[in-house]
Amino acid sequence: MTSDSTDPTSWLLTPDERGNPHTRLDDAHPGRAWSRGNDVRPLVHGATYFAELFERIEATREGDLVFFTDWQGDADERLTGEPGSEVVEVLGRADERGVDVRGLVWRSHWEGFGFTARENRHLGEQLQARGAEVLLDMRVRLGGSHHQKMVVIRHRDDPARDIAYVGGIDLCHSRRDDADHHGDPQALDMADEYGPTPPWHDLQAAITGPAVHDVETVFRERWEDPTPLSRSPINLVSDLVHRLDRSPDPLPEQAPPPPEVPGATHAVQLLRTYPDLRADRDYEFANGGERSVARGYSKALLKARHLVYVEDQYLWGTHVGDVFTEALRRHRDLHVVAVVPLHPDLEGASRTAQLLGRRRAMLAMQRAAPDRVAVFGIENHAGTPVYVHAKTCVIDDVWSTIGSDNFNRRSWTHDSELSAVVVDLAGADGDAGPSYARRLRLTLAAEHLDRDPATDPMDDCVDAAGMFEAFVASARRLDDWYDGGCVGPRPPGRLRRLHPPHLSRWRRAAATVPYLLLHDPDGRPRRLRGTDDF
């Protein structure tokens, strides 16, 4: 299952298509908005990522660098579950060894709105007390957030060991779950359906090779930008009271890109979202914003011919539905399979607005191709819903992405986001076997279908129609078992079929304004509002 070409120039954005002439992100590879010679490993589940991150940071020494960004950070989150593996301890020890530890954490909205301002501030306070420099960053639109989640580790004496992590996993509570999906013992409060330790499904990409330099540049551009971290006098007073640093110290000179990984075939392109802040409040490196996430997805989706596989926390809105609808109508063999949360994460009015966004996207796609679009949620073997926080997309086993961005207008225009796209230059079936994208897709599919690829091959899921039918059949068996009163053994598989949420006309009307203004706002310049352009 491949499209007409695996030439990266036909799938990836050019520097001009990125649409941001102010950035230096692509300076290390002139004429290209991507690097080659990388090796990317998808780390499925927070427990997998946290265990590796713990080992990598513990191995750093004097003169090395550790840079990170977070949407939410909890100082006491244990990366391995053991005492001494808390985020603040691991990063604090590194700084005390002479590692240069820097962090940019979203300042966050007030806790009364369900956000984590206190936890984020405490992470900054505690790391600053240990000698690291961690700043609270509020250079966002009204109601917006810094949603990028990345860690960069560079080694003074051995650049071949340099590594960057990009994806959807914050250094915070609830993320340390594994394939059994019993949840992180250090849990966040969520909707009742998810129980006291909500099961959590997530992804992070581990990148080695020249693209590490690009991820570092994303951090450096934000750190070095002269725009004030916050213009709010309330925040200024709060920072003075809590003695929080507001002035980034200069970074050491950036080292050249790490060498290409021998035999590595992964082209990596970083896609970003930065909003248009207006009134000269923009970052200097993204004046007018950057919407390469939206541009990159739009370009790749127009090339889709066989299968678009999505795992996403949200799948919201008419515009996002329209992107899929256009591709489905153009190509009659194209199938779309999506895995999303069975239920929104919160109760109350927020839930109705989220369901309205999901309804809009699902209806648009299913009207265009009712027999070629299927949306699923997942549950663990105890029947508890698994919260899908992953943000990944695989198109025709050629183009794939893992990042912080969701399929909604907020992620594509309004918040800060970072995603790593991979095109395997070895092709769909190179000498080393299936492409990166196919391996990623089949790995995720095997978990949801309850298969062990070593003993239960995934041959029926290689082509688009087979994957589609395997998911539909697995969900049907589990749904029928529930409908029949759970008689007999539970069928294998974790998939539950989802349909467009039913909302009365009154509930839809009441949720429309909160949905558009609060949940899925538009961060584009005014000249682009109301259009399909980014």
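This section describes a strand, a helix, two loop residues and a surface patch in a predicted model.

Strand E8 comprises residues 203–208. Six of the six residues of E8 are buried, so the strand is largely enclosed by the rest of the structure. In a regular strand the side chains alternate between the two faces of the sheet. In E8, Leu-203, Ala-205 and Ile-207 point one way, while Gln-204, Ala-206 and Thr-208 point the other way. Both sets are buried.

E8 is paired with strand E1 (residues 35–44) and with strand E6 (residues 163–167). The pairing with E1 is antiparallel and is made through six bridges; within it, Asp-39 has Thr-208 of E8 as its bridge partner. The pairing with E6 is also antiparallel and extends over four bridges. Here Tyr-165 stands opposite Ala-206 of E8. Thr-208 and Ala-206, the E8 residues in these two contacts between strands, both belong to the set that also includes Gln-204.

Helix H9 covers residues 318–330, a run of 13 residues. At 1.5 Å a residue the expected span of H9 is 18 Å, and the C-alpha atoms at its ends are 18 Å apart, so the two values agree. The buried residues of H9 are Val-320, Gly-321, Val-323, Phe-324, Thr-325, Ala-327 and Leu-328. The cover over these buried residues includes both helices and strands. The helices among them are H8 (292–303), H10 (349–368) and H11 (409–414). The strands among them are E11 (307–311), E12 (335–339) and E13 (373–378).

Positive phi values occur at two loop residues that are not glycine, Ser-174 and Cys-486. Ser-174 has a phi of about 75° and is placed in the loop between E6 and strand E7 (200–201). With a relative accessible area of 0%, Ser-174 falls under the 20% limit and is therefore buried. For Cys-486, phi is near 60°. Cys-486 lies in the loop that runs between helix H13 (464–483) and strand E20 (495–498). Its relative accessible area is 36%, so Cys-486 is classed as partly exposed.

On the surface, Val-513, Leu-516, Leu-517 and Leu-518 make a nonpolar patch of about 390 Å². Leu-517 of this patch is located in helix H14 (residues 505–519). The relative accessible area of Leu-517 is 61%, which is over the 50% limit, and Leu-517 is therefore exposed.

Note on methods:
Residues numbered from 1 in each chain as written. Predicted model: local features only at pLDDT ≥ 70, side-chain atom pairs only at ≥ 80, totals over all residues. Heavy atoms only, no water. Patch = residues over 30% accessible without salt bridge, like charges linked within 9 Å, V, L, I, M, F, W, Y side chains within 5 Å. Areas by Shrake-Rupley, 256 points an atom, 1.4 Å probe, with all protein chains shown as cover. Salt bridge = Lys/Arg side-chain N within 4 Å of Asp/Glu carboxyl O. Buried < 20%, exposed > 50% of the residue type's maximum accessible area, 1.4 Å probe, protein only. Pairing = 2+ DSSP bridges. Expected span 1.5 Å × (residues − 1). Contact = heavy atoms within 4.5 Å.
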